[in-house]
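I had a session with the viewer and wanted a record of what I looked up. My notes follow, in the order I went through things.

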2 protein chains.
Amino acid sequence: MTVKELAKLCGVSPGTVSNVLNGKNNVSDATRNNILKIVEETDYHPNYFASSIRKKETQIIGIITEDLNQFTTPPVVDALTERIESKGYHTVLMNMRIYSRLKQNEWNRSEKISGFLQPILRELQSIKVDGIVYVGAHDRELTVFPDNHTIPTVVTYATSKGDRFISVNIADEDGGYDMTKYLMSMGHTRIGVITGAGNNRHSINRLQGYKKALNEGGIRFDPELIEEGDWTMESGYVAGKILDKGVTAIWAMNDDMAAGVYRVLEERGLKAGKDISVAGFDDRFGNRYLIPSITTDELPLTEMGIKSAEMILKAVRGEQPEQRHFLIPCKMKIRESVTENKQTRRSPA
Amino acid sequence: MTVKELAKLCGVSPGTVSNVLNGKNNVSDATRNNILKIVEETDYHPNYFASSIRKKETQIIGIITEDLNQFTTPPVVDALTERIESKGYHTVLMNMRIYSRLKQNEWNRSEKISGFLQPILRELQSIKVDGIVYVGAHDRELTVFPDNHTIPTVVTYATSKGDRFISVNIADEDGGYDMTKYLMSMGHTRIGVITGAGNNRHSINRLQGYKKALNEGGIRFDPELIEEGDWTMESGYVAGKILDKGVTAIWAMNDDMAAGVYRVLEERGLKAGKDISVAGFDDRFGNRYLIPSITTDELPLTEMGIKSAEMILKAVRGEQPEQRHFLIPCKMKIRESVTENKQTRRSPA
DNA sequence: TTGTAAGCGTTATCAA
DNA sequence: TTGATAACGCTTACAA
């Protein structure tokens with residue numbers, strides 16, 4: 001079924017049918033209704049490709065994910081597509097699968113990622129997407145877009161080199177600050193920290209927040225209390241040795257590493273929230289698995305998707321964004337693993 | 001840049017350029033190389049839409065997910081896209097988001113899902129996908145495809161009503177059988193089971209495997225030892241009362257419910273793998289969170305994606321599949337939570 | 001308000 | 001092996 005055939009059925013010209021289908025108002029109500037009725041009856045649907053040749057805008061937004069299997073990605077994509085599609089745009093998802101295609105020590109090798117990105121960009125270019133949202137697997141300074149890339153682009157869970165793209169990210173510093181403030185409010189002053197990989201922006205920013213909170217509370221920052229992990233449970237287990245430094249609380253920068261701390265406690269016959277306080281980050285699993293349930297800071301994945309959607313739609317329409325970099329706040333989840341510090345010195349008699 | 005302009009640059013006709021670009025072998029090596037060189041230099045890319053009007057096949061496979069946020073979905077999609085794209089096809093992902101759009105008691109309401117599916121099918125139809133892979137959020141008998149649906153379709157993590165579509169699923173019965181056999185091999189004879197929702201095919205089939213294994217071992221099936229859960233940790237916690245029926249092992253049909261059992265044990269001062277054996281299903285989290293680490297049965301998500309990809313490509317090419325329904329086996333993960341039954345009666349003196 | 005006809009950038013057909 | 005030329009299904013000037 002084509003416009004031509006449909007037009008014949010309606011007793012009008014193809015042009016008129018096209019006008020009706022595209023919501024033009026240069027058609028009489030009578031013919032419009034008649035055409036619409038017949039469209040309904042015949043279940044006619046325009047050929048998307050044919051119309052896209054002639055039209056300048058495709059109403060398609062391309063979504064590029066670094067890795068769909070990274071746990072942070074699906075919620076972002078979900079919110080993103082929901083919002084974009086609710087505005088009448090379509091989405092096309094391209095997954096780079098960097099985690100399965102790269103060895104761990106290559107995750108930051110821009111030239112590798114660039115190699116994966118290139119064909120995908122070509123693809124998106126040839127389907128003439130109106131805009132692109134790039135969803136990172138972890139916050140990294142992106143240098144992977146070629147210089148001649150001109151399609152409107154928003155990056156999320158990643159930062160663009162310089163001011164090139166609009167970016168939407170986690171407010172990591174505030175997250176670290178909130179968590180530390182909370183631990184301090186529970187009477188903790190010697191707070192051990194297990195960071196993620198040291199060169200990682202999440203680690204750096206969260207630690208910045210930790211320092212800021214300590215500083216505000218008049219507590220001297222002690223580098224001895226910082227252990228570097230690599231986000232895995234195993235590294236949290238190893239870093240758990242920080243226990244021996246007389247800390248009353250340990251904050252691991254993700255829940256996986258906190259789970260490693262739980263293992264150490266188990267081995268020593270200790271309990272989080274009773275003998276020592278333990279906090280995580282991400283809220284990867286709600287309160288389901290760790291016992292006692294873990295106090296953590298929830299990543300704002302849905303909100304990041306929503307904000308990114310707004311921004312790319314603005315960009316596509318040629319509107320100016322109010323700012324170029326957005327930091328979305330996390331949400332503290334107070335559970336059982338952090339309790340008041342019983343070792344707090346009372347005010348001297 | 002269009003073929004026309006490019007052809008002029010190359011000093012040949014548009015048709016010849018097209019032939020080169022499409023790998024036809026009716027062009028001399030000399031002109032081919034020349035054209036290819038200039039294509040490279042000018043970074044020319046054909047307009048996807050224009051070529052798709054004329055071509056009968058689009059080389060696009062549509063992937064429809066019931067819910068991308070269901071933990072089983074991304075691995076399937078990942079493997080699926082990898083395979084499909086490695087064969088020179090493209091993929092377009094459409095996500096129905098049924099979990100956020102439906103209340104829990106509506107998850108099996110076919111007419112609701114049908115309502116979400118309809119516009120997506122229209123969309124895929126209008127971009128003329130060569131085939132469709134439908135990725136369910138849990139195994140369900142699908143009645144949601146309209147009668148006039150003729151595009152080659154494979155369903156995975158779902159079963160088609162009757163013999164309509166090729167399907168790729170988990171070998172749930174074998175999974176239940178293997179797990180029960182393993183528990184029996186560790187000396188357990190009174191094995192409590194916490195099922196998922198009772199009307200669910202996963203529950204039914206896994207229980208079937210349990211019964212089969214018991215039967216082979218000469219153990220009478222005791223309905224008293226079966227508790228119905230609903231896949232959530234909370235329901236596993238409630239069903240944990242099965243402890244009081246003198247079981248030496250509990251098998252929860254997913255890891256979330258097993259986590260609920262861990263909570264019950266914690267409250268009672270018991271330990272999985274020491275005082276009682278506990279097994280799960282899914283291997284949702286590897287050995288990271290539950291302590292002691294849980295013995296479970298890993299879902300074959302990647303393999304399901306691979307098989308589905310093979311099948312849809314076969315279907316698209318008009319080849320006959322060797323069978324219409326595939327069951328992919330799970331992989332037992334032996335960890336710490338199941339140990340030998342110390343209460344086993346020795347052979348009578 | 002409607003119809004006619006000329007594109008859009010490709011690929012397919014057929015003749016040279 | 002190449003080049004004209006006619007499709008493909010739709011949109012859009014422009015004419016009626």
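Before listing anything around the DNA, I fixed the cut-off: a residue is near a strand if its C-beta atom, placed from the backbone, lies within 6 Å of it. I also kept in mind that this is a predicted model.

**Entry: DNA strand C**
With that cut-off I got 26 residues around DNA strand C. The closest are A:Ser13, A:Gly15, B:Gly15, B:Ser18 and B:Ser51. Next I asked which elements each supply at least two residues of this surface. From chain A they are α2 (14-21) and α4 (48-54); from chain B they are α1 (3-10), α2 (14-21) and α4 (48-54). By class, I noted 10 nonpolar, 12 polar and 4 charged residues near DNA strand C.

**Entry: how the copies relate**
I superposed chain A on chain B and got a rotation of 180° with 0.0 Å of shift along the axis, at an RMSD of 0.2 Å. The two copies are therefore related as by a two-fold rotation axis. Which residue of chain A comes closest to that axis? My hit was A:Phe49, with its C-alpha at 2.3 Å. Both copies use the same surface, as 100% of the contact residues of chain A recur in chain B.

**Entry: the A–B contact**
I found 35 residues from chain A and 35 residues from chain B in the contact. On the chain A side, the elements giving two or more residues are α4, α5 (73-86), β2 (90-95), α7 (110-126) and α11 (255-268). The largest share, 6 residues, comes from α5(A). Sorting the chain A side by class gave me 19 nonpolar, 8 polar and 8 charged residues.

**Entry: domains of chain A**
I looked up the split of chain A: domain 1 is 3-46, domain 2 is 58-164 + 301-330, and domain 3 is 172-295 + 334-344. The C-alpha centres of domain 2 and domain 3 lie 31 Å apart. Their contact takes 7 residues from domain 2 and 6 residues from domain 3. The domain 2 side of it has 3 nonpolar, 2 polar and 2 charged residues.

**Entry: strand β13 of chain A**
Last stop was β13(A), residues 325-328. Strand β7 (residues 166-170) of chain A pairs with β13(A) in the parallel sense over 4 bridges. In β13(A), A:Phe326 is the bridge partner of A:Val168. A:Phe326 also sits on the covered face of β13(A), along with A:Ile328, while A:His325 and A:Leu327 make up the uncovered one. I jotted down the general rule: in a regular strand the side chains alternate between the two faces of the sheet.

How values were computed. Residues are numbered from 1 along each chain as its sequence is written. Chains are lettered from A and ligands numbered from 1 in the order in which they are written. This is a predicted model: local features need pLDDT of at least 70, side-chain atom pairs count only at pLDDT 80 or more; totals for chains, interfaces and linings use all residues. A residue is buried if 20 or more other C-beta atoms lie within 10 Å of its own, exposed if 12 or fewer, and partly exposed in between; C-beta atoms are placed from the backbone. Two strands pair if DSSP finds at least two bridges between them. Ala, Val, Leu, Ile, Met, Phe, Trp, Tyr, Cys and Pro count as nonpolar, Asp, Glu, Lys and Arg as charged, and the others, Gly among them, as polar. Copies are superposed by least squares on the C-alpha atoms of residues with pLDDT of at least 70 in both. Two residues are in contact if their C-beta atoms, placed from the backbone, lie within 7 Å. Domain bounds come from an automatic or database domain assignment.
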